[in-house]
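Dear colleague,

Please find below the structure that I am handing over to you. I should be grateful if you would read the findings that follow alongside it.

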Amino acid sequence: MDAFADLYSIRVSELVVGFGHQIVIDHLSLDVRRGEILGLVGASGGGKSVLMRTIIGLIPKQEGRITVMGRDSDLGLGRGTAVAATWGILFQQGALFSSLTARQNVQFPLREMLDISEKLQDEIATAKLEMVGIAPDDWDKYPAQLSGGMTKRVALARALALDPSIVFLDEPTSGLDPIAAGDFDQLIKTLQTTLGLTVFMVTHDLASLNVVCDRVAALADGKIVAIGPMTELLQSEHPWVRAYFHGKRSEMLRPKQD
Amino acid sequence: MISAPVLTVVTDGDVLELHPGGAWIASQSAALERLFEGVAPQVAAAKSLKIDMTEVIEIDTIGAWLLEKASREAAQAGRTAHFVGVGERYAGLIEEVRQVNRHRPTPKPKVNPIIARLDQVGRSAWSATQDIAVFLDMFGALGVALLGVLRRPRSLRLTSLTYQIYRVGWRAIPIVVLITFLIGAIIAQQGIFHFRKFGAESYVVDMVGILVLREIGVLIVAIMVAGRSGSAYTAELGSMKMREEIDALSTMGLDPVEVLILPRIIALVIALPILTFIGSMSALYGGLLTAWFYSGMQPAVYIARLHEAVSLNSFEVGIWKAPFMALVIGIVACSEGLRVKGSAESLGLQTTTSVVKSIFLVIVLDGLFAVFFASIGL
């Protein structure tokens, strides 16, 4: 066990990831504190999703060390319940199983990972669906019948099915209207406080970053160039970070001074 | 480390006290459920329920829900139930869980099973007529697109056509040759084996020749093409439909039938007769080798007998059927592709339907051709 395991949920040090000759993540280090919501920003195609997918083990790393909940990824996070209970992942498109209803989607990890009765599985699944705000009449719909916002909510319920300690969200509010996106932000915040989650969120949504994130990390040139609360990032001198937060679209976020 | 969950029961007069302790989390859920089964009778009998949470170290939704369920069951039976000693860390969770599972989905109206069955029969009949309509619709759209191309030959997409011919024709040759070769060899072997009893071994050449050229060659090749290329067409067009590529084409003022479907079907119509020819030759060659090794018939004798046995008619009958079968396979594959809805499951379903339907129609068509050729005396 790592001495910092109680303090940090995820520790990444000197990580290098690339495809062929192209290096996407270049000696990157990042610590995610336990119980915080960390927002990750970066240019499109700049390696945000690659970083997330490397941490969760979908992409092999070339160098460096990743520790999740005190366990080194090189030693293997194991399979089955241990890994499923460690993290839940909300993929960008939801990645709901299209042949299962919303309720069955949430039940799926419960059925596969836990040895509990079907009745209890069903109750837990519907409890999760209610917690993410899916109305009972929509429980038995198939993913193709759900709207974009509902798909994300069901996917979040599935990610939370086993009460993991970390959730990874890949652009949770992309493709949602501002009201739905605001609701979703609020939902993430509420669930994070009630369930004591650590949230690792890849996003482009400036409002999300401002409202829900405890800290924001900026990824540029394969490295974390700035990390801290939103107010600190707004004052960062790094050219890319300045361009990101002080561009035309971000004007509205600037603290009003005068 | 994770401590095992415990549930101590204390009876204090009429009040049943539950003292959960340890880790009440998902990974312990099987043990938790057993604990609850153990105390269920006591909980059901108790007049009043008190849940003391002071000893709980960790709790998540599953643990909280099990406790909430016990308290809710008691409350429903008109008895009192309350939580005490809820730690600050998970008070929010307990509060959240108290709200959930209070609503059920509105039940679907019940239907009379006989009416439901009749409804199903009606729907299948209706969908069968729909199938014919869809087929004719695609046939018509194809005709219109073809007319357009004949009027402006430059609008034919040659690159696409060439590529499709390469895919469904050229690349299918090895497997077609292999399978028809084996079929030819098997027919010859069976023929020799049975004809030997009458001393009529040499007639095996007549059988192989006529059977392969008239029926088996084209049928086997058409079935293989339906399975190989028809399914690919359906899956391609289906995933294009799913990703709105086809809608994108229409909004640019282009006709998806002309751009996507016409080159595919023309490619099949060109490739299938060629494949049939190659397949038939391969089957005859398979027959020749079998006759030579199994029965000792010299290749020269085989070829000479073949020359006498089959007329150009047999060959023509086989090859004439090929383009029509190609048309049927292409139309079925493309129209099924366009019927794909949003889900991955529907893509799989339409692909299966496409293959099953086109093989069925190919065989029906072969039967119709047999009647037709018999009546015109070929």
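The findings are set out below, beginning with chain B and ending with a hairpin in chain A.

Please note that this is a predicted model.

Chain B contains 12 helices and five strands. Of its 378 residues, 36% count as buried. Among the contacts in chain B between residues at least 6 apart in sequence, 82% join residues at least 24 apart.

One helix of chain B, α4(B), covers residues 113-151. With 39 residues at 1.5 Å a residue, α4(B) should span 57 Å, and the 56 Å between its end C-alpha atoms agrees with that expectation. Which residues of α4(B) are buried? They are B:Met138, B:Ala141, B:Leu142 and B:Ala145. An α-helix has 3.6 residues a turn, so residues three or four places apart point the same way. The buried residues of α4(B) pack against two helices of chain B, α9 (256-295) and α11 (312-338).

Turning to the interface, 25 residues of chain B are in contact with 28 residues of chain A. On the chain B side, α1 (29-45), α2 (61-76), α3 (88-99) and α12 (344-375) each supply at least two residues. The largest share, four residues, comes from α3(B). By character, the residues on this side of chain B comprise 10 nonpolar, nine polar and six charged.

One helix pair across the interface may be of particular interest to you. How do α4(A) and α2(B) lie relative to each other? The axes of α4(A), residues 118-131, and α2(B) come within 10 Å and cross at roughly 110 degrees. Angles of 65 to 115 degrees count as roughly perpendicular, and the two helices are therefore roughly perpendicular to each other. From α4(A), the contact involves A:Glu123, A:Ile124, A:Ala127 and A:Lys128, while α2(B) contributes B:Thr61, B:Ile62 and B:Trp65. Of the residues in this contact, four are nonpolar, one is polar and two are charged.

Finally, chain A has a hairpin formed by β9(A) and β10(A), with two residues between the strands. Strand β9(A) spans residues 215-220 and β10(A) spans residues 223-228; the strands pair in the antiparallel sense over five bridges. Within this pairing, A:Ala220 has A:Lys223 of β10(A) as its bridge partner. In the same hairpin, A:Asp221 takes a positive phi near 50 degrees.

With kind regards

Technical notes:
Residues numbered from 1 in each chain as written. Chains lettered and ligands numbered in written order. Predicted model: local features only at pLDDT ≥ 70, side-chain atom pairs only at ≥ 80, totals over all residues. Contact = placed C-beta atoms within 7 Å. Nonpolar A, V, L, I, M, F, W, Y, C, P; charged D, E, K, R; others polar. Buried ≥ 20, exposed ≤ 12 C-beta atoms within 10 Å, placed from the backbone. Pairing = 2+ DSSP bridges. Axes fitted to C-alpha atoms, helices over the stretch in contact; angles between N-to-C directions. Parallel < 35°, antiparallel > 145°, perpendicular 65-115°, else oblique. Expected span 1.5 Å × (residues − 1).
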